[in-house]
Amino acid sequence: MKKELRKKGLDILKSLVGEERNKISTEIEKSLYQTELWKKSNVIGITISQAHEIDTYPVIKNAWEDGKQVAIPKCYPKQNQLVFYQFTSFDDLETVYYGLKEPIMEKTKELHRDEIDLMIVPGLLFDNRGYRIGYGGGYYDRYLVHFPNHTIALATNRQLVEEVPNDVYDIPVQHLITESGVIY
């Protein structure tokens with residue numbers, strides 16, 4: 001079931017291209033910047049978006065312009081874990097497996113999870129309870145179990161579904177923003 005939903009989410013994201021994708025990303029960004037969570041957060045955890053995802057590059061640039069610190073994850077597959085690193089320039093990134101951009105450890109500083117005020121959690125599909133279909137590795141669910149602060153996801157309305165099947169280890173996001181604004 002999750003495998004089919006994952007494919008559906010990927011297909012939805014890959015169907016958003018060009019001006020339509022840019023317009024949706026911009027509307028989502030505007031809504032994010034108006035939230036109290038964004039305004040009050042000093043350290044933002046976020047991924048570097050891939051071509052088919054909601055664009056996070058402008059969010060990162062805006063965070064820097066607002067004087068916020070930005071932390072991005074490095075994935076450690078053997079340990080099944082994410083570690084977040086503060087970075088201050090896109091030059092601090094390297095391309096790793098599957099074309100993902102991750103921090104270069106020698107150019108960045110590791111941040112403990114309690115130092116991150118707001119975690120922007122990626123996903124492919126979401127329901128109105130905050131449950132999500134991710135890429136299938138479970139990295140964020142393992143990370144969020146002990147994450148003490150706020151979580152939010154950025155998605156298009158097309159990524160909303162009636163219900164995402166969830167297991168006991170699945171961690172829902174607290175808030176979701178789409179091009180329609182803050183959903184919850």
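Five helices and 12 strands make up the secondary structure of the protein in this predicted model. The radius of gyration is 15 Å, close to the 16 Å that the globule rule gives for 184 residues, so the protein is as compact as a globular protein of that length. The C-alpha trace extends over about 40 × 35 × 30 Å along its principal axes.

Of the 184 residues, 49% are classed as buried. Among contacts with a separation of 6 or more, 68% are contributed by residues 24 or more positions apart. The exposed surface of the protein amounts to about 9400 Å², of which 50% is supplied by carbon and sulfur atoms. With respect to charge, 23 positive and 27 negative side chains are present, and the centres of these two sets are separated by 3 Å.

At the level of a single residue, F126 was examined within its surroundings. F126 belongs to strand β8, which comprises residues 125-126. Its relative accessible area is 0%, and F126 is therefore buried, the criterion being a value under 20%. When residues up to four places away in sequence are disregarded, F126 touches V121, Y131, R132, A153, A155, Q159, L160, V161, V164, V173 and L176. One of these contacts, V173, lies 47 residues from F126 in sequence, while the C-alpha atoms of F126 and V173 are 9.1 Å apart in space.

Note on methods:
Residues are numbered from 1 along each chain as its sequence is written. This is a predicted model: local features need pLDDT of at least 70, side-chain atom pairs count only at pLDDT 80 or more; totals for chains, interfaces and linings use all residues. Side-chain values use heavy atoms; hydrogens and water are left out. Helices (H or I, at least four residues) and strands (E, at least two) are DSSP runs, numbered from the N terminus. The radius of gyration is taken over C-alpha atoms; the globule rule is 2.2 Å times the number of residues to the power 0.38. Buried means under 20% relative accessible area, exposed over 50%, partly exposed in between (1.4 Å probe, protein chains only). Contact means heavy atoms within 4.5 Å. Accessible areas come from the Shrake-Rupley method with a 1.4 Å probe; for residues, only the protein chains shown count as cover. Lys and Arg count as positive and Asp and Glu as negative; His and the chain ends are not counted. The place of a charge is taken as NZ of Lys, CZ of Arg, CG of Asp or CD of Glu.
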